[in-house]
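Me: Please take a close look at one part of this model, the salt bridges and the burial of the residues that form them, and then place that part among its surroundings.

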Amino acid sequence: MYLVEDKGGAIALMLASLLFLGTWPAVLTMLERRGRLPQHTYLDYSITNLLAAVLIALTFGQLGDSKPGKPNFFTQLAQDNWPSVLFAMAGGIVLSLGNLATQYAWAYVGLSVTEIISSSMCVVIGTTMNYFLDDKINRAEILFPGVGCFLVAACLGSVVHSSNAADNKKKLAASTTNYKISSYEENGSNVANGDLENGPESSQKVGKAKAGTAEYLIQLEKQRSIKVFGKNMFLGLVIVFFAGVCFSLFSPAFNLATNDQWHTLKDGVPHLVVYTAFFYFSISCFVIGIGLNLWFLYHPVLGLEKSSFGAYLKDWNGRQWAMLAGFLCGFGNGFQFMGGQAAGYAAADAVQALPLVSTFWGVVLFGEYRKSSKRTYILLFSMLSMFVVAVGVLMGSSGHRKN
């Protein structure tokens, strides 16, 4: 079994996790904006998310011989460790619920703001819990200022969202009704996707709406699968806060699964190694994700179209992207847990700076904040700068777990 033994290796895993966990939401957002039903997307995503955990368990979890107190993956499957297994599965359940909720929140609130609010809640609640569960192995004088940086960044993110929403309102008010109707009918529903499919130059073609304009926003609304114009944005915030609570609980649950701080295992039974815990964690995540989305196929929420399992099987439009998102999320979570086992789960929560990555993709792929006001750009730069500080400070608080 492969174990991360040094602080440098743990930080490298956290950085890779940060990139992966910040990218997969952008992929799912892209599919929703292209009109693919989120139920179809999440079913594909769930399959490869579980496959990533299986691959990690069969490779890193089986490398070399078992060590005292650190059995290999297959050896541990037969051991009496069900209390820890249940903690791992509980973590998978809340993560799956959180991920499922954010898939709808992205449409209502936006990719950047959804990730900022949910990640900040995860850091403030989850990191504090992990600090005490880890017997304070992280340096508090560094860790909690890092938590404070996330709070400041979250506040800035809320102001960014408010400023950008005001900018969009002005754009829509200045747009003519004739353009709203005729532009969409003449050019087809895919015009809103020019920047996503054909590159930035596509927005310069005749009949293509440029990202950041009112026409782009209108055409995007007609194309996307989750319609948000005229909807109550408060609903979106409720979904985001629900997701944030779920995200704040999954890492402490995983921490309890691998370190048994509450002494639920029988004497002589080894703690769950990170790979075994992640396997059970991902199984419960898979079951919840598949079960709920099969239900949503026939009983859709938020005004989505009704579908069926047969329609899902025939829907190959964007399936490869949904599966890529599952791999990214699966390996991202796995790397986070591997780094957390070595350096402390509180420090590993630095990957919750993933809005830094998600905002980058939001700007590059979706034209978020394009043609916004100078005030919005200043606030956006301030928010991203604070996130850079936050992730650096949390990583700097890394300790070393005693074996």
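Reply: A residue is called buried here when its relative accessible area is under 20%, and exposed when that area is over 50%, with partly exposed lying in between. The model is a predicted one, and the count of salt bridges in it comes to 5.

Asp44 is a suitable place to begin, since at 0% relative accessibility this residue counts as buried. Its salt-bridge partner is Arg36, and the closest N and O atoms of that pair are 2.8 Å apart. Arg36, with a relative accessibility of 4%, falls under the cut-off of 20% as well and therefore counts as buried.

A second pair, Lys266 and Asp80, has its closest N and O atoms 3.1 Å apart. This salt bridge links distant parts of the chain, because Lys266 sits in the loop between α10 and α11 while Asp80 sits in the loop between α3 (73-77) and α4 (82-109), a separation of 186 residues. Lys266 is exposed, its relative accessible area being 56%, whereas Asp80, at 37%, is partly exposed. Returning to the earlier pair, salt bridges that share partners join Arg36 and Asp44 with Asp315 and Arg319 into one network.

A further salt bridge is formed by Glu32 and Arg224, with 2.8 Å between the closest N and O atoms. Glu32 belongs to helix α1 (residues 7-33) and Arg224 to the loop between α9 and α10, so this pair ties together parts that are 192 residues apart in sequence. Both Glu32 and Arg224 are buried.

The helix α9 (residues 214-223) has 9 of its 10 residues buried, and it is therefore largely enclosed by the rest of the structure. Among the buried residues of α9 are Glu215, Gln219, Glu221 and Gln223, together with Tyr216, Leu217 and Ile218.

As for the wider surroundings, Asp44 lies within the range of helix α2 (residues 38-59), which packs against helix α11 (residues 274-298) at an angle of about 165°, the two axes being 9 Å apart. The helices α2 and α11 are therefore roughly antiparallel to each other, and α2 passes α11 in a left-handed crossing.

On the surface, Ile125, Met129, Val245 and Leu249 form a nonpolar patch with about 280 Å² of accessible area together. Helices α5 (111-133) and α10 (233-259) each supply at least two residues of this patch. Val245, found in helix α10, has 38% relative accessibility and so counts as partly exposed.

Technical notes:
Residues are numbered from 1 along each chain as its sequence is written. This is a predicted model: local features need pLDDT of at least 70, side-chain atom pairs count only at pLDDT 80 or more; totals for chains, interfaces and linings use all residues. Side-chain values use heavy atoms; hydrogens and water are left out. Patches are made of residues with over 30% relative accessible area and no salt bridge: like charges are joined within 9 Å, nonpolar side chains (Val, Leu, Ile, Met, Phe, Trp, Tyr) within 5 Å. Accessible areas come from the Shrake-Rupley method with a 1.4 Å probe; for residues, only the protein chains shown count as cover. A salt bridge is a side-chain nitrogen of Lys or Arg within 4 Å of a carboxyl oxygen of Asp or Glu. Helices (H or I, at least four residues) and strands (E, at least two) are DSSP runs, numbered from the N terminus. Buried means under 20% relative accessible area, exposed over 50%, partly exposed in between (1.4 Å probe, protein chains only). Axes are lines fitted to C-alpha atoms, for helices over the stretch in contact, and angles run from 0 to 180 degrees between N-to-C directions. Angles under 35 degrees count as roughly parallel, over 145 as roughly antiparallel, 65 to 115 as roughly perpendicular and the rest as oblique. A crossing is left-handed if the near helix is turned anticlockwise from the far one by less than a right angle, and right-handed if clockwise.
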